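Hi,

Here is the structure I promised to pass on. Have a look first, and my notes follow below.

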Amino acid sequence: MGSSPTGLRDARSATLRRRSFLRAAGAGCATALAALARPVVAVAQDAPVTPAQAIQLDAELVRTGLYLIRGGGGNSLLRLSANGMLLVDGNLPGTYRALMSQVRRISKLSDMPVRVLVLTDHHPEHAGNSAQFAAAGITIVAQREALANLGLPESQDAAGRSRVIAYDDERTLRMGGVEVQLKHFGPARTSGDTVVYFPDMKIVALGDLFATDAPEPDFAAGGSLLGWGSVLARVLELDFDRVVPGRGPVVGREALVAFKDKLDAVVSRAGALVRAGVGEDALMSRLRTDDLGWQLDFTGTALNSFYGEFR
Ligand SMILES: [Zn+2]
């Protein structure tokens with residue numbers, strides 16, 4: 001499937017909004033986004049403590065029109081446009097109100113709704129509030145396997161608008177003059193990982209495809225350490241200079257290159273050991289990763305899967 005517009009257009013609610021979109025998509029668009037680009041720091045602390053605000057989330061500007069919301073189990077990204085907002089990942093169960101409170105803080109100048117939630121995979125720290133987002137009328141987009149892992153079927157509302165959208169290899173979302181590309185390059189962390197690419201910003205959001213410590217394939221959900229390197233090779237073909245991981249701070253492209261180099265080393269070493277006849281029970285003790293600063297410790301069915309990748 002090639003790049004195509006999504007149901008985002010369908011999600012556009014009223015003619016009025018369409019007119020304002022068309023105006024804003026012209027010369028005024030950049031100005032509108034620039035006006036929104038104020039740093040929002042530690043905003044959870046300066047209000048009376050309510051259950052929502054007791055969950056510590058904070059937000060920072062990544063690049064004009066793009067905010068990182070940290071906490072709640074993982075990172076979320078908010079992309080502003082002249083016709084609404086797109087959120088990447090929706091945090092752990094129970095954090096919906098805190099997350100949306102951050103979203104409202106960031107968006108209060110625009111008074112635009114969140115229209116789309118993109119899930120980088122099905123894990124609870126990304127997809128934990130999907131039911132609330134769906135109930136709020138927000139369109140959810142994820143790779144087909146991630147939706148299957150979530151048990152979330154594709155759906156439309158009574159008016160025929162797509163509410164849950166699955167894609168296979170890639171999907172381009174367009175909203176208010178902003179383009180966001182979703183790409184699935186094969187199994188790595190899970191069988192349904194999504195790379196979110198903001199081409200105009202030269203930024204990729206990778207979810208759990210980048211980690212500050214060792215990679216952890218979710219083998220039970222179709223993950224693969226062997227496939228992970230080739231997925232990152234495809235990511236590195238994109239033109240970007242900053243990487244937003246599923247948790248932790250934004251890093252530069254060179255951090256992703258270094259992560260892939262280490263991952264390639266692990267795969268190469270494990271493959272050599274298995275080819276040399278090292279059995280499954282001895283693989284982890286023979287596989288050297290301390291020089292990479294990683295502690296890989298696959299046991300049980302994860303070890304079965306890991307070993308099985310090299311046979
Ligand atoms: Zn995940």
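How many helices and strands does the chain have? There are eleven helices and 14 strands, taken as DSSP runs (H or I of at least four residues for helices, E of at least two for strands) and numbered from the N terminus. Keep in mind that this is a predicted model: local features need pLDDT of at least 70, side-chain atom pairs count only at pLDDT 80 or more, and totals for chains, interfaces and linings use all residues. Residues are numbered from 1 along each chain as its sequence is written.

On to the sheets, where two strands pair if DSSP finds at least two bridges between them. One open sheet is mixed and has eight strands, in the order 1-2-3-4-5-6-8-7. Its edges are strand 1 (58–63) and strand 7 (155–156), each pairing on one side only. Inside this sheet, strand 4 (residues 84–88) and strand 5 (residues 114–118) run parallel, joined by four bridges. M85 sits opposite V114 of strand 5. Helix 4 (residues 96–107) packs on the sheet and touches strands 1, 2, 3, 4 and 5; contact means C-beta atoms, placed from the backbone, within 7 Å.

The other open sheet, also mixed, has six strands in the order 9-10-11-12-13-14. Strand 9 (170–175) and strand 14 (251–252) each have a single partner strand, so one side of each lacks a neighbour in the sheet. Strand 13 (residues 242–245) pairs with strand 14 in the antiparallel sense over two bridges, and R242 has G252 as its bridge partner there.

Cheers

Note on methods
Contact = placed C-beta atoms within 7 Å. Axes fitted to C-alpha atoms, helices over the stretch in contact; angles between N-to-C directions.
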